[in-house]
Amino acid sequence: MYTKKVMDHFTHPRNMGEIEDASGVGTVGNAKCGDIMRMYLDIDDNGVIRDCKFKTFGCGAAVATSSMATELVKGKTVQEALSVTNKAVMEALDGLPPVKVHCSLLAEEAIHAALWDYAEKHNIKIEGLSKPKNDISEEEEKPEY
């Protein structure tokens with residue numbers, strides 16, 4: 001059973017779409033379930049995320065976690081966005097069914113992938129950021145919640 005917040009973000013997703021000339025774009029997927037998530041970040045000269053959009057191919061939980069993740073990183077610094085975890089996404093949605101936890105992992109990795117792309121484009125290092133996985137299906141075995 002999905003929470004009211006999950007259903008709201010699924011039926012009325014926030015920040016869906018693309019950002020042309022995005023500062024960073026990250027794409028991740030889960031080979032086991034077929035979900036694919038792409039996150040776009042617009043980051044200003046002070047390292048603050050001005051805008052964040054997403055495109056997701058997947059189930060309702062994947063759309064909802066994408067939507068919530070964009071809400072959680074907008075207005076944050078790059079470093080603050082890096083600390084947005086799958087657990088934070090799940091908590092903001094008032095929970096997810098255990099079989100859908102991987103969707104929140106996708107959201108976390110999509111943020112990291114977009115930050116990684118931003119760092120590479122600007123030839124900078126973001127403290128605490130490691131190269132993200134393209135396929136998070138191996139993470140599904142050991143979710144961090």
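Here is a quick tour of this structure, from its sheet to its helices and core. Keep in mind that the model is predicted. At its heart for this tour is an open sheet of 3 strands, in the order S1-S2-S3 with antiparallel pairing. Helix H2 packs on that sheet, and helix H5 lies across S1 and S2.

**The sheet**

- Two strands sit at the edges, S1 (24-29) and S3, and each of them pairs on one side only.
- Going from one strand to the next, the twist averages 15°.
- S1 and S2 run antiparallel and are joined by 6 bridges. To pick out one spot, threonine 27 has arginine 38 in S2 as its bridge partner.
- S2 and S3 also pair in the antiparallel sense, this time over 8 bridges. Here you can look for tyrosine 40, whose bridge partner in S3 is lysine 53.
- The hairpin of S2 and S3 has 5 residues between the strands, and glycine 47 in this hairpin takes a positive phi near 80°.
- As background, strands of a sheet pair through backbone hydrogen bonds, either parallel or antiparallel.

**Helix H2**

- H2 covers residues 60-73, which makes 14 residues. From its first C-alpha to its last it reaches 20 Å, close to the 20 Å expected at 1.5 Å a residue.
- Is this helix largely enclosed or not? With 12 of its 14 residues buried, H2 is largely enclosed by the rest of the structure.
- The buried residues include Gly60, Ala61, Val63, Met68 and Val73.
- What covers them? The cover includes strand S2 (36-43) and strand S3 (49-57), along with helices H1 (4-11), H3 (78-82), H4 (86-92) and H5 (101-121).
- On the sheet, H2 touches S2 and S3, and its direction makes about 175° with that of S3.
- Just after H2 comes glycine 75, which takes a positive phi of about 85°.

**Helix H5 and the nonpolar core**

- H5 runs at about 145° to S1 as it lies across S1 and S2.
- The largest nonpolar core has 40 residues, and Met39, Leu41, Val73, Leu115 and Ile126 touch the most other members.
- Which elements give two or more residues to this core? They are S2, S3, H2, H3, H4 and H5.
- H5 gives the most, with 12 residues.
- Val73 turns up twice in this tour: it is one of the buried residues of H2, and it is among the core residues that touch the most other members.

**Two residues worth finding**

- Threonine 3 sits in the segment before H1. Its side chain reaches the backbone oxygen of leucine 93 at 2.6 Å.
- Leaving aside residues up to four places away in sequence, threonine 3 touches Leu93, Asp94 and Gly95.
- Asparagine 86 is found in helix H4. Is asparagine 86 buried or exposed? Its relative accessible area is 0%, so asparagine 86 counts as buried.
- Asparagine 86 and alanine 107 are 21 residues apart along the chain, yet their C-alpha atoms are separated by 6.8 Å.

Technical notes. Residues numbered from 1 in each chain as written. Predicted model: local features only at pLDDT ≥ 70, side-chain atom pairs only at ≥ 80, totals over all residues. Heavy atoms only, no water. Helix = DSSP H or I, 4+ residues; strand = E, 2+ residues; numbered from the N terminus. Expected span 1.5 Å × (residues − 1). Buried < 20%, exposed > 50% of the residue type's maximum accessible area, 1.4 Å probe, protein only. Contact = heavy atoms within 4.5 Å. Polar contact = N/O pair within 3.5 Å; in protein donor to acceptor, adjacent residues only side chain to side chain. Pairing = 2+ DSSP bridges. Axes fitted to C-alpha atoms, helices over the stretch in contact; angles between N-to-C directions. Core = buried A, V, L, I, M, F, W, Y, C linked by side-chain atoms within 4.5 Å.
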